[in-house]
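Grab a coffee and open the viewer: here are some short exercises on pockets, cavities and a bound ligand. Try each task yourself before reading the solution.

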Amino acid sequence: MISVLVAEDNESFRKVLRESLLREDYEVDEARDGREALEKLGRRHYDILVSDVKMPGVDGLELLKSARQADPDTVVILMTAYGTVDLAVEAMKAGALDFLSKPFPVEEFMITVGRAAERNRLLRENQSLKQNLSLHYDAAKIVWKSRGMAEVMELVRKVSQSTSTVLITGESGTGKELVAHAIHAQSPRSARPMVKVSIPVLSEGVLESELFGHEKGSFTGALTRKPGRFELADGGTIFLDEIGDLTPAVQVKLLRVLQEREFERVGGTVPLKVDVRLIVATRSNLRDMVRSGKFREDLYFRLNVVNIVVLPLRERLDDIPPLVDYFLVKYGSVAQCRARAITPEAMELLQAYSWPGNVRELENVIQRALVLAEGEYITPSDLPADVTGGGPGVIIDPVGGGRTGGDGEEKAGILGALKLEKGNRSRAAARLGLRRTTFLYKMKKHGLI
Ligand SMILES: Nc1ncnc2c1ncn2[C@@H]1O[C@H](COP(=O)(O)OP(=O)(O)OP(=O)(O)O)[C@@H](O)[C@H]1O
Ligand SMILES: [Mg+2]
C-alpha cells in the first residue's frame, strides 16, 4: 500500500483530499501545518508527500527539502493558490515531482498522485537495479530493452558458437565494438585474446606489418622479427575496426587469409597458418563502396557471411531509459554528484532527441548532466541545448498535435496552443501532449513568462 502524508492547513480541504485518497486505497496521514509534517516525516517513511506551499511555521518548499533530505525516495507534490512559475521552477529544481495550482479538480489531483506512485515504484526499481549493477559491474555490458537490440543479442548468441566471419554495421557510437566483444566473450574462444586493430589510425605500410608481422631486415627499421596481430590472436578472435578504410593492397592480402587461412610476414616466405575468428565493423556502406569500386566485391562476400546491423539509437527509443539508468550508476559515483535519477520531463526530452552520435553521445550527455545537476534529479536545465532545443519530436504543432523540428517552431507551437485555449495553460499543455510543468518550463525557456 502506498503511504501519503497530506500537509495542508485548511482543514476542510485537507479532508477532501484525504477522502479521495482513501477511496483509492492509499494509506493516508495528515498534518495541520509544516511543523507537524516535519515531525511526522522524521518518525517514519512516506512514499508520497502532498504539501501546501503557504502554511504557518515551516512552508512547503522547506518541507520539500527536508523531506527529500531525510528520504530521497519520497515523491513530493506541492499545491498553492499563489502559483507563480518561478515558484514552480524552484520547486521542481528542489526535487518536487509536480505542482498543482489551486483550485484544481479532485480528478487532476488523483492523476497527479497516481503519477507520483508510479515514480515511487520506478525509484525503487532503479535502486535494486543499481545494487545489481554494482555487484556485477562489467565494462563490456550491453544494456538494452528494444526489439531491435533483442534481435542483435539473439544473433550474437547464435554466431558466438560458430567460427564464421561477422560483419557488424551501424552508425558511429551505436555499440559495434561492444557487440564484437560480446561475441568473443560468449564464444568457446573467450579464454584466448580478442585482438583489436583500428584500421584508420595506421598508415598502409604499418598496417600490413601490424596485421601480418615482419621479418628482421624486411624494411628500414625492422630490426627484429615481429609477430603480427593475426599471430597474436591465434586461437582467439581478431577484430578489425572500420574495415571500409582498408587500402586495395591490404584488401588483397586479407582476402587471401580468408580464402587460404594462411599468410606470410612482410619480407617473409614461409606461409603461416593461424586459427583466428574474424570480426569486422564499419559505419560505411560497404555495398555502395563495392559499387563505386572502392572495395573489392570478392572480399565483401567473404566478410558478409553474417551481418549484424546495430540500429541508430533514435530507432530504438526503448533502450534510452535503461541506458540512462546504467550511465547514472556508471558515472554517479563521481565525487560531488548528487543526482541519482532523472525527472520525467528530462527523460521525455532525451527520448525526443535524434542522437546523431548515438549511445556515445547519450553517455556524454549523462556524464555532463551529473556534473551540472544541483539536486537529486537531472532536470531539463542540465541537458545541452541540442537536446532540449530542437531535435525532431520535441516540438509541437498545436493544431494537429503532431511533432516537427526547430526551436522557433516550438515557441510558435506554444503561442498557438495558448491562443487556441484562450490563455489557459493547463489546456494548452494538454493540447500539445505535454505535462503542465513541462509546458511551463518551456514557456519560461522561450521568455514567454
Ligand atoms: N547497449 C549499450 N550498453 C552500454 N553501453 C553502450 C551500449 N552501446 C554503446 N555503449 C557505449 O557507447 C560508447 C560507444 O560504443 P562503441 O565504441 O561500441 O560504438 P561503435 O559503434 O564502435 O562506435 P564507432 O563507430 O564510433 O567506433 C562506448 O562507451 C560504449 O560502452
Ligand atoms: Mg568502434
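**Exercise 1. The shell around ligand 1**

Work out how the shell around ligand 1 divides by residue class, and which residues are the closest.

Step 1. Keep in mind that you are looking at a predicted model. Start with the classes: the shell around ligand 1 has 7 nonpolar, 4 polar and 7 charged residues.

Step 2. Now put names to the shell. Ligand 1 is surrounded by 18 residues, and the closest of them are V143, S172, G173, K176 and E363.

Step 3. Move from residues to elements. At least two shell residues come from each of α7, α13 and α15.

**Exercise 2. Polar contacts and burial of ligand 1**

Find backbone atoms that lie within 3.5 Å of an oxygen atom of ligand 1, and then state how much of the ligand the protein buries.

Step 1. Begin at T174, where a polar backbone atom is 3.3 Å from an oxygen atom of ligand 1.

Step 2. Go on to E177. One of its backbone N or O atoms lies 3.1 Å from a ligand oxygen.

Step 3. Then look at L178, which has a polar backbone atom 3.2 Å from an oxygen atom of ligand 1.

Step 4. Finish with the area. Ligand 1 taken alone exposes 630 Å², and the protein buries 87% of that.

**Exercise 3. The largest pocket**

Describe the largest pocket by its volume, its lining and what sits in it.

Step 1. For the volume, the largest pocket holds about 620 Å³ of space. It is lined by 30 residues, and G173, G175, K176, E177 and R360 are the closest to its centre.

Step 2. Place the ligand: ligand 1 sits in this largest pocket. Two names from the earlier solution return here, as G173 and K176 are among the closest residues to ligand 1 and also among the closest to the pocket centre.

Step 3. Trace the lining to its elements. α7 (176-186), β7 (194-198), α13 (320-332) and α15 (358-372) each provide at least two lining residues. The most comes from α7, with 5 residues.

Step 4. Sort the lining by class, which gives 13 nonpolar, 6 polar and 11 charged residues.

**Exercise 4. The second largest pocket**

Which element gives the largest share of the lining of the second largest pocket?

Step 1. Locate the pocket. The second largest pocket contains about 510 Å³ of space. Its lining has 22 residues, and those closest to its centre are R119, L122, P321, D325 and M347.

Step 2. List the candidate elements. Two or more lining residues come from each of α5 (106-135), α13, β15 (341-342) and α14 (344-352).

Step 3. Pick the main contributor: α5 gives the largest share, 8 residues.

Step 4. Check the classes in this lining, which are 10 nonpolar, 3 polar and 9 charged. Notice too that α13 supplies lining residues both to this pocket and to the largest pocket.

**Exercise 5. The cavities**

How many cavities of 30 Å³ or more does the structure hold, and what lines the largest and the second largest cavity?

Step 1. Count them: there are 3 cavities of 30 Å³ or more.

Step 2. Take the largest cavity, with about 50 Å³ of space. Its lining is made of R68, V75, G95, A96, L97, R119, T343, P344 and Y377. By class, that is 5 nonpolar, 2 polar and 2 charged residues. R119 is familiar, being one of the residues closest to the centre of the second largest pocket.

Step 3. Turn to the second largest cavity, whose volume is about 40 Å³. The residues around it are E345, L349, P380, T388, T438, Y441, K442 and K445. Here α19 (436-445) gives the largest share, 4 residues, and α14 supplies at least two.

**Exercise 6. Two backbone details**

Find where the cis peptide bond from K102 to P103 lies, and where E242 has its positive phi.

Step 1. The bond from K102 to P103 is cis, with omega near -5°. P103 belongs to the loop between β5 (96-101) and α5.

Step 2. E242 is a residue other than glycine with a positive phi, near 60°. Look for E242 in the loop that joins β10 (237-241) and α10 (248-260).

Definitions and conventions:
Residues numbered from 1 in each chain as written. Chains lettered and ligands numbered in written order. Predicted model: local features only at pLDDT ≥ 70, side-chain atom pairs only at ≥ 80, totals over all residues. Heavy atoms only, no water. 1 Å grid on protein atoms, 1.4 Å probe; cavity = no way out; pocket = protein on both sides within 12 Å on 5 of 7 lines; lining within 4 Å. Points joined across faces, edges and corners; volume = space filled by probe spheres on them. Nonpolar A, V, L, I, M, F, W, Y, C, P; charged D, E, K, R; others polar. Near = heavy atom within 4 Å. Polar contact = N/O pair within 3.5 Å; in protein donor to acceptor, adjacent residues only side chain to side chain. Areas by Shrake-Rupley, 256 points an atom, 1.4 Å probe, with all protein chains shown as cover. Sits in = over half its atoms within 2 Å of the grid points.
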